[in-house]
Amino acid sequence: MNWSTITAGELMAKRGGSINPAKLPNEVFDLFSIPAFDRGEVEVLAGSEIGSSKSCIEINDVLLSKIIPHIRRCWVVPEKRGRRQIGSGEWIIFRSDKFYPNYLRHYLTSDNFHRQFMNTTAGMGGSLVRARPAAVEKIKIPLPPLKEQKRIAAILDKADAIRRKRQQAIALTDQLLRSIFLDMFGDPVTNPKGWEIKPVEDLIPFLFHK
């Protein structure tokens with residue numbers, strides 16, 4: 001199969017443009033910000049509520065967070081919901097007809113890319129650490145034909161869905177066990193069932209008694 005390898009810079013949007021929402025105070029925007037990503041929901045704000053210029057983004061752009069890069073934040077811009085879509089300046093924007101968006105999203109959050117991505121950082125620590133786009137541009141990205149990209153993305157999407165369901169199942173199991181414990185023994189702090197309370201040292205001989 002004919003796989004090619006290109007630099008990340010070849011896939012980045014070079015002249016995406018910007019907009020100052022404050023000049024359009026009554027227009028409502030969909031804002032793709034870092035806090036919005038962490039909440040899992042795009043911010044819907046009037047221009048008067050947005051304090052600085054933002055990047056113009058398009059459907060199927062892939063957004064990679066350059067701030068606090070050890071947290072793997074990567075977003076595919078979805079279909080419009082009737083409002084203009086704008087993005088925080090903390091995103092590196094990928095835009096090209098050479099990639100399938102979900103394939104690139106999976107690759108940009110992969111261990112292989114992330115190791116290289118972390119070598120592009122600058123800053124003193126914490127929220128000041130950022131990846132340098134000029135250095136990110138040099139990272140090589142494997143790019144199979146679009147049909148193969150879609151096939152790979154579909155497999156990884158299914159695996160990701162299974163992983164999320166597993167996490168949800170574990171969380172529900174933990175909640176169930178806690179509920180059963182509280183039903184049987186009550187809250188250890190308030191002790192509503194009036195259980196006898198003793199120091200742990202009094203129980204040690206009993207616990208190790210044979």
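The legends below describe close-up views of a predicted model.

**View 1. Strand 3 and its two partner strands.**
Strand 3 covers residues 28-32, and 4 of its 5 residues are buried. Strand 4 (residues 43-46) pairs with strand 3 in the antiparallel sense, over 4 bridges. Within this pairing, Phe29 has Leu45 of strand 4 as its bridge partner. Strand 8 (residues 84-87) is also joined to strand 3 by 4 bridges, and these two strands run parallel. Here Asp30 stands opposite Gln85 of strand 8. In a regular strand, side chains alternate between the two faces of the sheet.

**View 2. Asp30 and its surroundings.**
Asp30 is a residue of strand 3. Is Asp30 buried or exposed? Its relative accessible area is 1%, and the limit for a buried residue is under 20%, so Asp30 counts as buried. Two arginine side chains make polar contacts with the side chain of Asp30: Arg81 at 3.1 Å and Arg83 at 2.6 Å. Leaving aside neighbours within four places in sequence, Asp30 is in contact with Val42, Glu43 and Val44, and also with Arg81, Arg83, Arg84, Gln85 and Ile86.

**View 3. Leu24 in the loop before strand 3.**
Leu24 sits in the loop between strand 2 (18-19) and strand 3. With a relative accessible area of 31%, Leu24 is partly exposed. Not counting residues up to four places away in sequence, Leu24 touches Ile19, Phe29, Gly47 and Arg84. Ser48 is 24 residues from Leu24 in sequence, while their C-alpha atoms are 7.1 Å apart in space.

**View 4. The aromatic pair of Phe37 and Trp75.**
The model contains 6 aromatic pairs. One of them is formed by Phe37 and Trp75, whose ring centres are 5.4 Å apart and whose planes meet at 80°, an edge-to-face arrangement. This pair links distant parts of the chain, with Phe37 in helix 1 (residues 34-39) and Trp75 in strand 7 (residues 74-76), 38 residues apart. Phe37 has a relative accessible area of 22% and is partly exposed. Trp75, at 15% relative accessibility, counts as buried. The two values fall on either side of the 20% limit, so the partners of this pair are classed differently. Phe37 and Trp75 also belong to one aromatic cluster together with Phe32 and Trp91.

**View 5. The aromatic pair of Tyr107 and Phe113.**
The ring centres of Tyr107 and Phe113 lie 6.1 Å apart. Why is this pair edge-to-face? The planes are at 65°, and edge-to-face applies over 60 degrees, so the pair of Tyr107 and Phe113 is placed in that class. Both Tyr107 and Phe113 are buried.

**View 6. The largest nonpolar core.**
The largest nonpolar core has 24 residues, and Phe94 and Leu108 have the most contacts inside it. Several elements give two or more residues to this core: strand 6 (62-65), strand 7, strand 9 (91-94), helix 2 (101-108), helix 3 (111-118), strand 12 (140-143) and helix 5 (146-185). Helix 2 gives the most, with 4 residues. Beyond its neighbours within four places in sequence, Phe94 is in contact with a set of residues that includes Ala8, Leu11, Met12, Val62, Leu64, Phe99, Leu104 and Leu108. A second, separate core has 12 residues, among them Phe32, Leu63, Trp75 and Ile93.

**View 7. Helix 2 within the structure.**
How many of the residues of helix 2 are buried? The count is 8 of 8, so helix 2 is largely enclosed by the rest of the structure. The buried residues are Pro101, Asn102, Tyr103, Leu104, Arg105, His106, Tyr107 and Leu108.

**View 8. The cysteines Cys56 and Cys74.**
The number of disulfides in the model is 0. Cys56 has a relative accessible area of 26% and is partly exposed. Cys74 has 7% relative accessibility and counts as buried.

Methods. Residues are numbered from 1 along each chain as its sequence is written. This is a predicted model: local features need pLDDT of at least 70, side-chain atom pairs count only at pLDDT 80 or more; totals for chains, interfaces and linings use all residues. Side-chain values use heavy atoms; hydrogens and water are left out. A disulfide is a pair of cysteine sulfur atoms within 2.5 Å. Buried means under 20% relative accessible area, exposed over 50%, partly exposed in between (1.4 Å probe, protein chains only). Rings of Phe, Tyr and Trp (its six-membered ring) pair if their centres lie within 6.5 Å; planes under 30 degrees apart count as stacked, over 60 as edge-to-face and the rest as tilted. Two strands pair if DSSP finds at least two bridges between them. A nonpolar core is a set of buried Ala, Val, Leu, Ile, Met, Phe, Trp, Tyr and Cys residues joined through side-chain atoms within 4.5 Å. Contact means heavy atoms within 4.5 Å. A polar contact is a pair of N or O atoms within 3.5 Å; within protein, one must be able to donate a hydrogen and the other to accept it, and residues adjacent in sequence count only if both atoms are side-chain atoms.
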